[in-house]
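Hi,

Here is the structure I promised to pass on. Have a look first, and my notes follow below.

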Amino acid sequence: RLPELRLAVQYPGGKDQAPTRPQLRRWVRAACAIPAEVTLRFVGDEEGRNLNRDYRGKDYATNVLSFPYESGARISGDLVLCLPVVEREAQEQGKPLEAHFAHLIVHGMLHLQGYDHETGRADAERMEALEQKILDTLGYPDPYA
């Protein structure tokens, strides 16, 4: 039996290039084996930049922002993905857009569970290894290769 998953999806930045709800559920489930309540919000450059500036002090739009509210036996949080940034990165890195979205959802879900790649090289390596393992089970290539 799968753990309870409550997933809300918001598209103020548009739906054209955004992943489908079934894709999102699959990626979130693969990255989280405990009950979760998550909102995924797909935004444009302006909202992405404002959130990154207001919450991280960085005045530019970034690919994914994680807002954890509860972690432990159950997680609760928001992931905000900036569509234009994700699309641009996929193109620049020569990656399929779907694979890049899958990676960023997995990456964000790990952040919601307390993983952090900015606290030191060992933590970054542990988080990256877990991302690679999860993405492999989903059929996506190593995002760091």
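**What I found**

One thing up front: this is a predicted model. I'll start at Gly139, which comes just after helix α5 and takes a positive phi of about 90°.

The helix before it, α5, covers residues 121-137. At 1.5 Å a residue its 17 residues should span 24 Å, and the end C-alpha atoms are indeed 24 Å apart, so the two agree. Which residues of α5 are buried? They are Ala124, Met127, Glu131, Ile134 and Leu135. Looking down the helix axis, these buried residues fall within an arc of 100°, so they line one face of α5. That fits a general point: an α-helix has 3.6 residues a turn, so residues three or four places apart point the same way. On the face turned away from the buried side you'll find the exposed residues Arg121, Ala122, Lys133, Asp136 and Thr137. As for what covers the buried residues of α5, α1 (21-31) and α4 (97-112) are among the elements that do.

Now the sheet. It is open, with 4 strands in the order β1-β2-β4-β3 and mixed pairing. β1 (5-10) and β3 (64-70) are the edge strands, each pairing on one side only. On average, neighbouring strands are turned by 15° against each other, direction ignored. β2 (residues 36-43) and β4 (residues 75-82) pair in the parallel sense, over 8 bridges, and Glu37 stands opposite Ser76 in β4.

Two helices to look at on this sheet: α1 touches β1 and β2, its direction making about 135° with that of β1. α3 (residues 83-93) packs against β2 and β4, at about 65° to the direction of β4.

Cheers

Terms used
Residues numbered from 1 in each chain as written. Predicted model: local features only at pLDDT ≥ 70, side-chain atom pairs only at ≥ 80, totals over all residues. Heavy atoms only, no water. Expected span 1.5 Å × (residues − 1). Buried < 20%, exposed > 50% of the residue type's maximum accessible area, 1.4 Å probe, protein only. Arc of directions from axis to C-beta. Contact = heavy atoms within 4.5 Å. Pairing = 2+ DSSP bridges. Axes fitted to C-alpha atoms, helices over the stretch in contact; angles between N-to-C directions.
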